[in-house]
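These are my notes from going through one chain, entry by entry. I put the cut-offs beside each term when I use it.

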Amino acid sequence: MQKCTIIGECNYIGTRAFSTCELLKKFKIPEGITSIEPQTFYNCYALEEVYMPESVTSIGENAFASTKKLNKINFSKNIETMGQAAFYQIAKDTEGIDVYLPNIKSLGQGCFNRSQHKKSRNRF
């Protein structure tokens, strides 16, 4: 599986739902999803691009950790909580990532630890 789009009525993506999907490159999170649970995309080494709708308000611990090729993601401006190490060790070339979280209330320890944002704007 290289691309995935969820169709249907769903309000969260469960823990480790796509963890270690070695060929997954692109993922479109559908409108209506409010929570991305812990380790949902953990160790998805090929994952490069994620579309996140404005309905997402919570990202769990290690949700995108070790997605070493993830270099394009749009963050929902409605995110209120982000778990520990949510984006630990993502791609080194992160020009397509703009971290703007105007509604953040809880930012877990090491959320972007070992992630190198070359030209990204990191604003909280």
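**Entry 1: burial.** I call a residue buried when its relative accessible area is under 20%, exposed when it is over 50%, and partly exposed in between, with a 1.4 Å probe and protein chains only. The model is predicted, so I noted that local features need pLDDT of at least 70, that side-chain atom pairs count only at pLDDT 80 or more, and that totals for chains, interfaces and linings use all residues. Residues are numbered from 1 along each chain as its sequence is written, and side-chain values use heavy atoms, with hydrogens and water left out. I looked up L107 and found it partly exposed, at a relative accessible area of 40%. Over the whole chain of 124 residues, 43% are buried.

**Entry 2: secondary structure.** I took helices (H or I, at least four residues) and strands (E, at least two) as DSSP runs, numbered from the N terminus. The chain has 0 helices and 11 strands. L107 belongs to strand β10. Its C-alpha lies 9.9 Å from that of I79, with their positions 28 residues apart in sequence.

**Entry 3: the sheet.** I count two strands as paired if DSSP finds at least two bridges between them. I found an open sheet of 5 strands, paired in parallel, in the order β2-β4-β6-β8-β10. Its edge strands are β2 (12–13) and β10, each of which pairs on one side only. I then checked one pairing inside the sheet: β6 (residues 58–59) runs parallel to β8, with 2 bridges between them. S58 has T81 in β8 as its bridge partner.

**Entry 4: salt bridges.** My criterion was a side-chain nitrogen of Lys or Arg within 4 Å of a carboxyl oxygen of Asp or Glu. I found 1 salt bridge in the structure. K105 makes it with E80, and their closest N and O atoms are 3.9 Å apart. K105 sits in the loop between β9 (96–100) and β10 (106–107), and E80 in the loop between β7 (72–74) and β8 (81–82), so the bridge ties together parts 25 residues apart in sequence. I also looked up the accessibility of both partners. K105 is exposed at 65%, while E80 is partly exposed at 34%.

**Entry 5: aromatic rings.** Rings of Phe, Tyr and Trp (its six-membered ring) pair if their centres lie within 6.5 Å; I call planes under 30 degrees apart stacked, over 60 edge-to-face, and the rest tilted. The count is 8 aromatic pairs. One of them is F27 with F41: the centres are 4.9 Å apart and the planes stand at 70 degrees, so I logged the pair as edge-to-face. F27 is in strand β3 (residues 26–28) and F41 in the loop between β4 (35–36) and β5 (49–51), so far as the sequence goes 14 residues apart. Both rings belong to buried residues. Ring pairs join F18, F27, F41, F64, F75, F87 and F112 into a cluster.

**Entry 6: a charge over a ring.** I counted a charge as over a ring if NZ of Lys or CZ of Arg is within 6 Å of the ring centre and within 35 degrees of the ring normal. The charged end of K28 sits over the ring of Y51, at 5.6 Å from the centre.

**Entry 7: F75 and its contacts.** I set contact as heavy atoms within 4.5 Å. F75, a member of the ring cluster, lies in the loop between β7 and β8. It is buried, at 6% relative accessibility. Leaving out residues up to four places away in sequence, F75 touches M52, E54, M82, F87, I97, D98, V99, L101 and F112. From V50, 25 residues away along the chain, F75 is 9.1 Å distant, C-alpha to C-alpha.

**Entry 8: N43.** N43 is in the loop between β4 and β5. It is buried at 14%. With residues up to four places away left out, N43 touches T20, A65 and S66. For the chain, I noted that 36% of contacts between residues at least 6 apart in sequence join residues at least 24 apart.

**Entry 9: cysteines.** How many disulfides are there, taking a pair of cysteine sulfur atoms within 2.5 Å? I found 0. C10 is partly exposed at 33%, and C111 is buried at 3%.

How values were computed:
Disulfide = S-S within 2.5 Å.
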